[in-house]
Amino acid sequence: MIKIYIAGKHMKRSPLSYSALAPLFEGWVERVSEPEQADLYLFTHILDIEEAPQAAITAWRQRRKPIVLLSEEPFWDTIWGRRPLNRELIVETRFGAVPVIQLNHSTTSIFRFSRIPYYLLTNHRFANAYAARFARNAALDAAGWQACFEARSTDTAFMFERRPEPYHAVEWPEAGIIGLCSWRTELAEAVQAGTVERLGQSWQGGQSRFQQRNWYLDKLTRLDRRARMLGAFENTHQPDYVTEKIFDAFACGSVPLYFASPEHRIHDFGLPEGAWINFYGQTAREAAEQLEGLGCSRSRVQGWGQDRFAAYACAQRQLAELFCNPALWLAERKRLGAAVKSALTGVLDGQGEQYPGSGTAA
């Protein structure tokens, strides 16, 4: 049994904190309320370590139990942590510096999925939504999808946080890490041709998604069969980092707009190239010009050609086979549970994974 003390305002964003994943850790993880009881101290954001309670830092100084940064979010690792490739960090807290073991997409195999990306496991709503929508979508052939796209009133839709600040444009080329927040914002602002929608509080004002009872259901309801093409860009390009975004676009019946290097794991799904649009290697302005030439008006969609509609129908069938198979979800959950156990046990044993790209503190 590993006794773990978890603290910080981001603590709910951890494999160990999601109720959907709780059964994976039964019998070998015990969460404790006092740091003096813990075998290790776990945080999910570097800001939470910097702001750690004095009791946790005091307990570490007295007991020297490992401090672990288990981060599921490359955006946090890059913009705030700024050392995403380092397995070992020295972090300055309000009560002095402490050594930290960083487990993230670049330093551990926890998030290196087999068939189902990690984030889709964190809430059962993804499996439920995809089972229904991909079963529906798979029933359409190429002609059916052509008719659907021709009937849409919106050419392109974007729904993500508007983040134009240039500091988002970070890169670690050796690990395939590229910050995309400012890039995708510039793209969304540059596209003018056709009917373009920029959705969400940061574009339109109004209620934040965090104020909604079920922001994900609201998202799918608003986007379902709404636009011909839908921005599905991650906030950070990292080869193993695949969230719900591209699958939501397919589930809603839109052509996803994405950004993926040849090494990116999205290619492991084998989706036909014509079914989605990849802007990797392009500036935001170049991507906007390409996008404006693709999908404005019904007549332009008719010019897409049968190959694109056939590719899209094929992708929908492939995703239905993947996401409508409970055995694949269960197998991925089992893999995740074993990976977390191996990583944390390795930390306690003083033996880190030999994972490509991991380094030491500067």
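Let me start with a term: two rings of Phe, Tyr or Trp count as a pair if their centres lie within 6.5 Å, taking the six-membered ring for Trp. With that in hand, hello everyone, and please keep in mind that what we have here is a predicted model.

So, which residues do ring pairs link into a cluster? They are Phe113, Tyr130, Phe134, Phe247, Phe269, Phe323 and Trp329. Phe113 has a further neighbour, since Arg265 lies over the face of that ring, at 4.0 Å from the ring centre. There is another arrangement of this kind at Trp304: the charged end of Arg308 sits over its ring, 5.5 Å from the centre.

How many aromatic pairs does a search of the whole structure find? The count is 28. Let me pick out one of them, Phe233 with Phe279. Their centres are 6.2 Å apart and the planes make 40°, which puts the pair in the tilted class. If you are new to this, a pair of aromatic rings is described by the distance of the centres and the angle of the planes. What I like about this pair is where its members come from. Phe233 belongs to the loop between β11 and β12 (236–237), and Phe279 to the loop between β14 and α10 (284–292), so the pair links distant parts of the chain, 46 residues apart. Both Phe233 and Phe279 are buried.

Those loops bring us to the sheets. A quick reminder: strands of a sheet pair through backbone hydrogen bonds, either parallel or antiparallel. One open sheet here has 5 strands in the order β10-β7-β11-β13-β14, and the pairing is parallel. At its edges are β10 (196–199) and β14 (277–278), each pairing on one side only. Helix α8, residues 215–223, packs on this sheet and touches β7, β10 and β11; its direction makes about 165° with that of β7. Looking inside the sheet, β7 (residues 154–159) pairs with β11 (residues 227–231) in the parallel sense over 3 bridges. If you want a place to click, Ala157 stands opposite Leu230 in β11.

Now for another open sheet, built from 3 strands in the order β8-β9-β12. Is the pairing here parallel or antiparallel? It is antiparallel. The edge strands are β8 (171–172) and β12, and each of them pairs on one side only. Between β9 (residues 177–179) and β12 there are 2 bridges, in the antiparallel sense. Ile178 has His237 of β12 as its bridge partner.

Let us stop at Glu171, which is found in strand β8. Is Glu171 buried or exposed? To be exposed, a residue needs over 50% relative accessible area. Glu171 has 52%, so it is exposed. Leaving aside residues up to four places away in sequence, Glu171 touches Ile177 and Ile178. Its C-alpha atom is also 8.6 Å from that of Thr78, although the two residues are 93 apart along the chain.

Next, the strands β3 to β6. Strand β3 (residues 40–43) runs parallel to β4, and 3 bridges join them. Here Leu42 has Val68 of β4 as its bridge partner. Strand β4 (residues 67–70) is also joined by 3 bridges to β6 (residues 96–103), again running parallel. In that pairing, Val68 stands opposite Ile101, and so Val68 turns up in both. As for side chains, Ile67 and Leu69 point one way from β4, Val68 and Leu70 point the other way, and all are buried.

Strand β5 (residues 88–93) pairs with β6 in the antiparallel sense over 6 bridges, with Leu89 opposite Val100. A hairpin of 2 residues joins β5 to β6.

Finally, two helices. Helix α6 (residues 181–190) is mostly covered, with 8 of its 10 residues buried, including Trp183 and Arg184.

Helix α12 covers residues 306–323. What span should its 18 residues have at 1.5 Å a residue? The expected value is 26 Å, and the end C-alpha atoms are 26 Å apart, which agrees. Among the buried residues of α12 are Phe309, Tyr312, Gln316 and Phe323. Phe323 takes us back to where we started, as a member of the ring cluster. Thanks for listening!

Notes
Residues numbered from 1 in each chain as written. Predicted model: local features only at pLDDT ≥ 70, side-chain atom pairs only at ≥ 80, totals over all residues. Heavy atoms only, no water. Pairing = 2+ DSSP bridges. Helix = DSSP H or I, 4+ residues; strand = E, 2+ residues; numbered from the N terminus. Contact = heavy atoms within 4.5 Å. Axes fitted to C-alpha atoms, helices over the stretch in contact; angles between N-to-C directions. Phe/Tyr/Trp six-rings, centres within 6.5 Å; stacked < 30°, edge-to-face > 60°. Buried < 20%, exposed > 50% of the residue type's maximum accessible area, 1.4 Å probe, protein only. Lys NZ or Arg CZ within 6 Å of the ring centre and 35° of its normal. Expected span 1.5 Å × (residues − 1).
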